[in-house]
Amino acid sequence: MEYIWYVIAALGAGIGTGLAGLSAATVMVPILIVLCPSFSGETGAYQATAIALASDILGSAVTTITYGKHKNIDLKRGWIMLTCILTMSTVGSYAAWLAGNVVLGGFTLFLTFFIGIRFLIKPDTSREKTVSKGEKLDWKGIAISLFFGLTIGFGTGFVGTGGGMMMLVVFTAFLGMELKTAVGTSTFIMTFTALIASVSHILIHPAIILERWDVLLICIVVATTASLVSAQFANRVKNRTVGLVTGAVLTVLGAAMLILNYWPTLGLL
């Protein structure tokens, strides 16, 4: 039965990456730690995080290629975020190992739900006036990129997210990118951050690849395929449609995972 959940988790993760540049952990980690008993141990959340990061690598890469073909990447406004995130992701990985399951598991469950609500409330995160592609950052843009880049970088390693959702908000709400350009740019960055963070997780806890190679393989293949298909769809429809679909999926998933995880604790079962 767990293998079915592996496929479902990877499928949802890939769709989220292709549609809105979400990291695999947003969908994958909650499903693995709540519905798969083998991930309920002392290091379960940490292993789920590493698998999600590894799935992000190829999933983000094929998504980046698809958005790149449609000229929806802007590295001139994203290079500072890239540098900061790469620097801090390893630090976050070590902190995650020290934190343990309670912090990681609870955080990802609530994150999934609230990100879904945000998309439903505001499906299109773009400004009314977006900047031109390739326009240089002003001093405010540099300061914003430094602050959020360092913060997101730490979160990438700690929570196991590629930082896609957070980068999406920063790129659209603060740096003025159009939604699809923000998705393409964030998935480009996620390709490298996921690689560094997943390697860091595996080096810190080698049992992930020695004992979980079958889960890794399933999740990587399914997530990559789903990312490619959903990215092609996203580049053909309106931004609002992408946002609504993403919001509905994440809200339902997040609510279901929170109920399953906390219901027994509240004594309602």
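Here are five short exercises with worked solutions on the predicted model shown above.

**Exercise 1. The cysteines**

Find out how many disulfides there are, and follow C36 and C219 through the reasoning.

*Solution.*
- Start with what we are looking for: a disulfide is a covalent bond between the sulfur atoms of two cysteines.
- In a model we need a cut-off, and here the two sulfur atoms must lie within 2.5 Å.
- By this rule the count comes to 0 disulfides.
- Take C36: the nearest cysteine sulfur belongs to C219 and is 8.7 Å away, so C36 is in no disulfide under the 2.5 Å cut-off.
- Now turn it round: for C219 the nearest cysteine sulfur is that of C36, again 8.7 Å away, and C219 is in no disulfide.
- Finally, check the surroundings: C36 is buried at a relative accessible area of 1%, and C219 is buried at 0%.

**Exercise 2. Helix 2 and the core**

Decide whether helix 2 is mostly covered or mostly open, then look at M28 and what it touches.

*Solution.*
- Helix 2 spans residues 25–35, and 9 of its 11 residues are buried, so by the cut-off of under 20% relative accessible area the helix is mostly covered.
- The buried ones are A25, T26, V27, M28, V29, P30, I31, L32 and I33.
- Pick M28 from that list. The largest nonpolar core has 56 residues, and M28 is among those that touch the most other members, together with F39, M81, M167 and F171.
- Leaving aside residues up to four places away in sequence, M28 touches A9, A10, A13, I51, A52, S55 and C219.
- C219 is the buried cysteine from Exercise 1.

**Exercise 3. Aromatic rings**

Count the aromatic pairs, and describe the geometry of Y3 with Y6 and of F147 with F148.

*Solution.*
- A search of the whole structure gives 5 aromatic pairs.
- For Y3 and Y6, the centres are 5.2 Å apart and the planes meet at 75°; over 60 degrees counts as edge-to-face, so this pair is edge-to-face.
- Both residues belong to helix 1 (residues 2–20); they are 3 residues apart, which means about one helical turn separates them.
- Compare their surroundings: Y3 is partly exposed at 46% relative accessibility, whereas Y6 is buried at 4%.
- F147 and F148 also form an edge-to-face pair, with 5.1 Å centre to centre and 80° between the planes.
- Here F147 is exposed at 53%, while F148 is partly exposed at 23%.
- Y3 and Y6 join F39 in one aromatic cluster.
- Look above the F39 ring as well: the charged end of R212 sits over it, 3.9 Å from the ring centre.

**Exercise 4. The backbone at K71**

Where is K71 found, and what is notable about its phi?

*Solution.*
- First locate the residue: K71 is in the loop between helix 3 (44–69) and helix 4 (79–99).
- Next read the backbone angle: phi of K71 is near 55°, a positive value in a residue other than glycine.
- Then check the surface: K71 has 66% relative accessibility, and over 50% counts as exposed, so K71 is exposed.

**Exercise 5. A glycine in helix 6**

Work out whether G155 is buried or exposed, and how its C-alpha atom is placed relative to that of T90.

*Solution.*
- G155 belongs to helix 6, which runs over residues 139–159.
- The relative accessibility of G155 is 13%; this is under 20%, so G155 counts as buried.
- Along the chain, G155 and T90 are 65 residues apart, yet their C-alpha atoms are separated by 10.0 Å.

Notes:
Residues are numbered from 1 along each chain as its sequence is written. This is a predicted model: local features need pLDDT of at least 70, side-chain atom pairs count only at pLDDT 80 or more; totals for chains, interfaces and linings use all residues. Side-chain values use heavy atoms; hydrogens and water are left out. Buried means under 20% relative accessible area, exposed over 50%, partly exposed in between (1.4 Å probe, protein chains only). Helices (H or I, at least four residues) and strands (E, at least two) are DSSP runs, numbered from the N terminus. Rings of Phe, Tyr and Trp (its six-membered ring) pair if their centres lie within 6.5 Å; planes under 30 degrees apart count as stacked, over 60 as edge-to-face and the rest as tilted. A charge sits over a ring if NZ of Lys or CZ of Arg is within 6 Å of the ring centre and within 35 degrees of the ring normal. A nonpolar core is a set of buried Ala, Val, Leu, Ile, Met, Phe, Trp, Tyr and Cys residues joined through side-chain atoms within 4.5 Å. Contact means heavy atoms within 4.5 Å.
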